[in-house]
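Work through the exercises below with the model open. Try each task before you read its solution.

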Amino acid sequence: MLKDEFFRTIANKQHPNEALVPTHCSYCGMQCGMNLRVDKSTNKIIGVEPRYDWPVTLGKMCPKGVTAYQQTNHDDRLLRPLIRDNPQLKGTKDGFREASWEEAYELIVRKFQGLQSQYGKDSLSVFSGVSMTNEKCYLTGKFARVALQTRYIDYNGRFCMSSAAAGFMRTFGVDRGSTLPWTDLHQTDCLFIAGSNTAECHPTSMFRVWEVQNRGGYLIVADPRETPLARRADIHLDLRPGTDLALANCMVNLLIQNGYADKEFVSAHTNGFDEMAEVVKAFTPEYTSEITGVAVEKLIRAAEIYGKAPEAIVMFARGIEQQQKGTDNVSGYTNMCLVTGKIGRPKSGVATFTGQGNGQGGREHGQKADALPGYRKITNPKHVEEVCKVWGIKPEEMPQPGVSAYEMFELMLNKTIRGMYLLCSNPAVSAPNQHTVRAALKELDFMVCSDLYLSESCEFADVVLPTTSWSEDEGTVTNLEGRIIKINKAQEPLGESKPDWQIHVELAERLGRGQYFSHLKTAREVADEFRLASKGGYADYYGATWDKIDKQDGVFWPCKSEEDPGTPYMFLDKKFYHGDGKALLCALPYRPPAEEPCGEYPLRLTTGRVVYHYLSGNQTRRIPFLNDMCPEPYVEVHPETAEQYGIEHEEVVRLYTRRGEVFYKVKLTQAIRPDTVFVPYHFGHDLSINLLTIAALDPISRMPEFKVCAAQIDKATEKSSRRSQ
Ligand SMILES: Nc1nc2c(c(=O)[nH]1)N[C@H]1C(S)=C(S)[C@@H](COP(=O)(O)OP(=O)(O)OC[C@H]3O[C@@H](n4cnc5c(=O)[nH]c(N)nc54)[C@H](O)[C@@H]3O)O[C@H]1N2
Ligand SMILES: Nc1nc2c(c(=O)[nH]1)N[C@H]1C(S)=C(S)[C@@H](COP(=O)(O)OP(=O)(O)OC[C@H]3O[C@@H](n4cnc5c(=O)[nH]c(N)nc54)[C@H](O)[C@@H]3O)O[C@H]1N2
Ligand code: SF4
Ligand SMILES: [Mo]
């Protein structure tokens, strides 16, 4: 037993003047268990305690989690709708006035209907996010298809989980982010983790990682930076950004060559071995070392450790997925599990570190350009019919598939899309190639944005709607294990803010589509319709009732009936979800990143996160402790590289790519490859690293290549530096 499990026996003490509301953190996919402390005299949230009895995180929380409660009653909260009458001021914070909900709704309906009657239904778009509950995500999809009747809906998970989703779908025929519960992690013999800064991004997984090593097991990490996780690794595969597919192919090649393949498993449960083996053959340690820059001995030893381990788990995150070959990287690393048969049983399998709080559930229920609830396909007539039955519309009324998140901005620029309803995302910071994205937002004839705070994206809006925070509403989210859990309401909505689902219902009514929405009066009523809409899809949530979730510490999908306890382990019966029950070993020839370094741009730029901030930073930059700890972005540079360029620690330099330039302070660190630089992306306006990133898209997942492009650094001269020191 893990020592920490002792804490499960400790009850949280109740203070007489406070109520404790059990719930989960608002931020990442770990969804750590917490109790919000509510003052009984004011009914306001005043603090937080970890939940020791939550089996996944056992009372652990990170710096973002312990301060998350400060969001609810923050001075910056939007309390009433805002309208901007002067479109000249778009792109700034100026010109907004407060308005009533009725005035805001009236304006939105008039503008939306005007655009649609002039330019057609598809002139409107919805762009959403997955910090929302399943119920809200579900209703967002229904709102786009049934109330607005547009094909154009996509969401920020396109920038996050889309490659993992597409890779798992291709390999297994199903996309559940983890094949096993997190409570298995510490019991395995080897963790092979690629492209995950676990200690900063999923910190409350770390005690399980350490436990593997404490028990004599191994940790192998593939990352161009020596992150806190890599520092603890038995082997750190310090590869060049964008070269994972070569590394994965090499691992699989060595596993086969050295006799670690499970031939029985391969022949009984997989297709594609011969073709795959033919492709990986070329990836000798020597050849792979040339591509990746990783030492030959490390490659050999890593494959040996994984091959020998009785039980092993392959894990990865955005480091391998946010590439223009992210889908291939996912299938490539997953080949390791299939070739060795280390999958479909306790303590062995594969997992991606799902990013956002509801990054798993939010991708299953119809916010994606081509997806419908239950992970159904909008291109499959049978699936469309099933969903139409629940929605009460005719199949011929279902809109066609749309385009991916970044491609929607391209359609705004060329005026195919003229209006947008943006909710729960801040693409004016987080989308790649900001020059195009910001120009596209400016080009819109009419834009509505709903948020808790005035984000950088709200600056482009004509109407801003105030929504509730996660602590002022209830519903379910699905954590990184595929476990459906309950979010509880701790406080009444601040000011006039409303939950997103309620805004959808009220807007739909005013758009003349009330017959499809008006029956939804509470979050629970949305939940009941949502469970029904997922029924029979493979992401089947039908049996995940709120009562069962409470009783069982969550419910793993698929959960098909009230009697079904859910599915913590995937593929225990060795049945994969392709028609013949077999998984696909994908043959994946290597290809380089979209932009390789060259004379003019000799460095590789990679981007990502720090522990103190969350995504676009619109939430965490407002929390005093987090902002004090990390008030501004910087560029990580290796001392050797700095010497070559004649630049020093804390000096402001010009970092530039083919897309543009940004001025950053230098952070010298040994913990990065000399040929690579890193910038965290949590900052907006002229500090956004996405002014420099490339919008090269993966052909299958349409994921942008956030993790690598070619860059160069200059000493910032007086003249070129726009940043005052
Ligand atoms: N503190 C914090 N935690 C978060 C978030 C946050 O914003 N802040 N966001 C949440 C969300 S939505 C997400 S998606 C996750 C993201 O979680 P992670 O994917 O762990 O975070 P990143 O920093 O994007 O990238 C992970 C690592 O990939 C490495 N990397 C870069 N290029 C490559 C490459 O080519 N190959 C390999 N193998 N590695 C590479 C980087 O050096 C970095 O250490 O975190 C979640 N948790
Ligand atoms: N360069 C670079 N860019 C990246 C990445 C990278 O690694 N590098 N990672 C990508 C990844 S993985 C992700 S997930 C994206 C995320 O990027 P974004 O989608 O921009 O993520 P957030 O900052 O969470 O934006 C959510 C917004 O919704 C608001 N919000 C929170 N809860 C609610 C709610 O319940 N309702 C409504 N209406 N609003 C709410 C928040 O205040 C915030 O403004 O960024 C991507 N961009
Ligand atoms: S690890 Fe993720 S879920 Fe847990 S407290 Fe931190 S941000 Fe919240
Ligand atoms: Mo993400």
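**Exercise 1.** Place Lys415 in the chain and describe its backbone.

Solution. Lys415 sits in the loop between helix H16 (405-413) and strand E16 (419-423). Helices (H or I, at least four residues) and strands (E, at least two) are DSSP runs, numbered from the N terminus. Now take the backbone: Lys415 is not a glycine, yet its phi is positive, about 70 degrees. Most residues other than glycine have a negative phi, and most peptide bonds are trans.

A note on conventions: this is a predicted model, where local features need pLDDT of at least 70, side-chain atom pairs count only at pLDDT 80 or more, and totals for chains, interfaces and linings use all residues. Residues are numbered from 1 along each chain as its sequence is written, chains are lettered from A and ligands numbered from 1 in the order in which they are written, and side-chain values use heavy atoms, with hydrogens and water left out.

**Exercise 2.** Describe the backbone at Asn43 and at the bond from Trp557 to Pro558.

Solution. Start with Asn43, in the loop between strand E2 (33-39) and strand E3 (44-50). Its phi is near 60 degrees, positive in a residue other than glycine. Next, go to Pro558, in the loop between strand E21 (555-556) and strand E22 (583-584). The peptide bond from Trp557 to Pro558 is cis, with omega near -5 degrees.

**Exercise 3.** Find the contacts of Thr436.

Solution. Locate Thr436 in helix H18 (residues 434-443). Leave out residues up to four places away in sequence: Thr436 then touches Tyr406 and Leu413. Contact means heavy atoms within 4.5 Å. Finally, check Met412: 24 residues apart along the chain, the C-alpha atoms of Thr436 and Met412 are separated by 9.9 Å.

**Exercise 4.** Which residues surround ligand 3?

Solution. List the shell: Cys25, Tyr27, Cys28, Met30, Gln31, Cys32, Cys62, Lys64, Gly65, Pro203 and Thr204. Each has a heavy atom within 4 Å of the ligand. Then sort the shell: seven are nonpolar, three polar and one charged. Ala, Val, Leu, Ile, Met, Phe, Trp, Tyr, Cys and Pro count as nonpolar, Asp, Glu, Lys and Arg as charged, and the others, Gly among them, as polar.
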